Amino acid sequence: MTTRPTMIEFRDVHKYYGDYHALRGITAQIRAGEFFSLLGPSGCGKTTLLRTIAGFEDISSGAVLIDGKDMSRVPANKRPTNMVFQSYAIFPHLSVQQNVAFGLRRDTRPQAEKDKMVAEALEMVGLKGYGARAAHALSGGQRQRVALARALILKPKVLLLDEPLSALDKKMREQMQVELIKLQRQVGITFVLVTHDQEEALVMSDRIAVMFEGEIAQLADPETLYRRPNSRRVADFIGVMNFLPAKVLGEAGGHIQVEAAGLGAFDIEAQQAPGAVTGGEASVGFRPETLTILYEGQTAQDRETAGTIDEVVYYGDMTYYDVKLDGVAAPVRISMRNVFGRPVLDVGTRTRVAWSPGALVLFR
Amino acid sequence: MMKLPPLRIYALAYLVFLYAPIVLLPIFAFNDGTIIAFPLKGFTTEWFAQMLANDTLGRALKNSLIIAVSSAVMATCFGIFAARAASRFNFPGKGGIIGLIMLPLVLPEIIVAVSLLVVLLGMGVTLSIFTVMLGHILICTPYAIAILNTAFNSLDRSLEEAAYDLGETKWSTFRLITLPLVMPGLISSFLISFTISLDEFIIAFFLAGNEPTLPTYIFSQLRFPKQIPMIMALGTCLVLASIVLLTIAEYFRRRGIARTGGKDTGGFL
């Protein structure tokens with residue numbers, strides 16, 4: 001992927017509500033044409049940050065730039081951004097057609113051309129022929145599409161989406177995730193999505209900013225975020241991660257020597273410690289799928305340890321085993337794909353576990 | 001005979017107590033006799049003719065309508081400002097200010113009337129229907145605010161943001177989105193203020209000077225037994241007018257709900 005120019009830039013953005021420090025020095029860049037997500041628990045400031053792009057929130061200090069222009073004196077109705085609201089904010093007293101055409105009211109184009117634009121926008125979101133319907137007679141998914149068509153008809157530089165899928169049921173949500181990705185590729189507009197759902201962020205985004213308490217904890221592409229979280233907090237928030245107490249023994253030649261409970265002593269590469277560990281007490285983390293339970297006759301490709309199965313959770317395609325590694329009190333979670341002909345193991349079974357130092361992350 | 005449970009008897013008795021006197025109004029309005037008593041004497045429309053020919057009554061009605069319409073319009077306008085401010089913005093002293101505005105709701109009207117009288121006379125203002133209007137705006141505004149607050153609070157704020165985001169100004173957003181969506185509330189507020197003003201007696205009695213309003217005129221005529229059948233005729237007309245008004249209000253309320261797809265959570269009827 002070629003490096004794209006910057007579309008949105010936050011320069012040390014602070015926001016106070018009275019004494020409450022909602023945004024604490026946000027500095028980040030969102031590239032043109034990318035699908036960017038702001039991910040975090042509720043109250044982390046992600047929605048506030050999105051609203052500073054839209055112009056609904058003033059910032060206390062710092063600057064927000066869109067396409068190189070400082071937005072501090074540009075009100076929301078003059079910004080090259082449009083928003084899809086969490087509640088969709090479909091105007092209930094207007095028809096679908098009127099809703100979608102709302103942004104064109106101030107446009108000087110002839111009516112026939114505007115009608116054509118509305119029809120195209122509706123077709124793009126899969127609502128061809130729905131124009132005459134009353135907005136309040138639509139289902140949740142349809143409202144979502146109307147909101148998208150209404151926001152995209154003005155061809156904004158940035159489309160802002162505030163938890164747009166949170167009101168939909170699981171099936172609908174997964175369907176809309178795929179449709180949103182396709183739509184974004186089709187129109188090529190920069191999408192900024194706010195979500196508290198880590199899975200949603202991983203599925204949809206080119207890059208993700210994980211936020212806690214008004215700060216960006218990590219900004220990276222989904223894979224980096226999942227494989228190399230830079231703190232235990234980010235690791236905990238995204239997916240499941242096992243942690244084992246560890247000690248840093250030394251550092252040499254781009255390698256770090258670590259001794260972890262249940263795993264013994266081993267070397268890892270310096271880049272596996274993104275949180276910059278200096279020495280002493282630490283912990284190592286690994287995802288459930290990076291460990292493998294070994295059956296009779298199987299051998300570990302890299303390293304091997306042993307433990308006892310403490311809990312079994314069967315999911316159909318997957319089985320989650322909580323395994324107590326020898327010498328460690330807290331069980332670690334290991335996920336195994338179920339293969340035909342291979343039995344699901346029982347609680348209390350002694351087992352050998354394959355692991356690899358390369359899959360570990362070292363945390364402070 | 002079926003045994004009536006006590007609560008049902010109570011409910012029936014309550015309804016009879018509430019509406020029987022009102023049913024008597026049209027009966028005696030068409031009764032050919034000046035004494036309000038059974039048995040009825042015969043059918044006549046004389047009292048209605050008398051009512052229409054009465055100039056003072058005509059003036060009282062005109063005064064009352066002017067006062068009621070103006071008070072209702074003003075109270076609703078003030079209500080819009082106050083309710084919007086209360087539901088959309090936070091500012092220091094908000095609770096206190098809203099509390100003070102709502103106070104006339106519980107203040108005895110006689111106190112409002114007397115204190116207004118003292119102030120107005122002290123300022124050298126001549127008593128007229130205008131002074132009544134001032135008093136009525138004062139007592140109607142809290143009702144308007146209470147109704148409009150509900151209307152504004154139930155309005156999703158992101159609707160306004162969405163319109164603003166799509167390039168409208170704050171004012172055109174208000175005109176295109178906010179106003180149509182709170183319209184049922186506006187109509188309710190107007191009609192309730194109108195009704196309160198129309199039958200308000202104490203403030204009108206104190207502040208009208210020599211000008212009659214409908215309630216003060218009716219009160220003054222009750223001293224003359226000869227006039228009572230005409231008052232009955234007038235009462236009949238007012239009851240009819242109220243029913244028409246309520247029907248209109250309900251029609252608009254339901255249409256508003258149907259148009260926005262909301263759920264009907266009860267109303268006037």
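**Core packing and the chain A–chain B contact**

In this predicted model, the largest nonpolar core takes in 160 residues, and the members that touch the most others are A:Ala149, A:Val192 and A:Leu362. Chain B has a hand in this core too: its helix 6 (residues 129–153) brings the largest share, 14 residues. As a general backdrop, nonpolar side chains tend to be buried together in soluble globular proteins.

Zooming in on A:Ala149, and setting aside neighbours within four places in sequence, its contacts include A:Val100 along with A:Ala121 and A:Leu122. A:Met124, A:Val125 and A:Leu127 complete that list.

Over to where the two chains meet. Here 18 residues of chain B are in contact with 18 residues of chain A. On the chain B side, helix 7, helix 8 and helix 11 (228–260) each supply at least two residues, with helix 7 giving the most, seven residues. By character, the chain B side that touches chain A splits into eight nonpolar, five polar and five charged residues.

Helix 7 of chain B (residues 157–165) deserves its own look. This helix is mostly covered, with seven of its nine residues buried. The buried set is a mix: B:Leu159, B:Ala162, B:Ala163 and B:Tyr164 are among them, but so are B:Glu160, B:Glu161 and B:Asp165. These buried residues pack against elements from both chains, namely helix 1 (46–54) and strand 6 (81–84) of chain A plus helix 8 (170–198) of chain B. Just past the end of helix 7 in chain B, B:Gly167 adopts a positive phi of about 105 degrees.

Technical notes:
Residues numbered from 1 in each chain as written. Chains lettered and ligands numbered in written order. Predicted model: local features only at pLDDT ≥ 70, side-chain atom pairs only at ≥ 80, totals over all residues. Core = buried A, V, L, I, M, F, W, Y, C linked by C-beta atoms within 7 Å. Buried ≥ 20, exposed ≤ 12 C-beta atoms within 10 Å, placed from the backbone. Helix = DSSP H or I, 4+ residues; strand = E, 2+ residues; numbered from the N terminus. Contact = placed C-beta atoms within 7 Å. Nonpolar A, V, L, I, M, F, W, Y, C, P; charged D, E, K, R; others polar.
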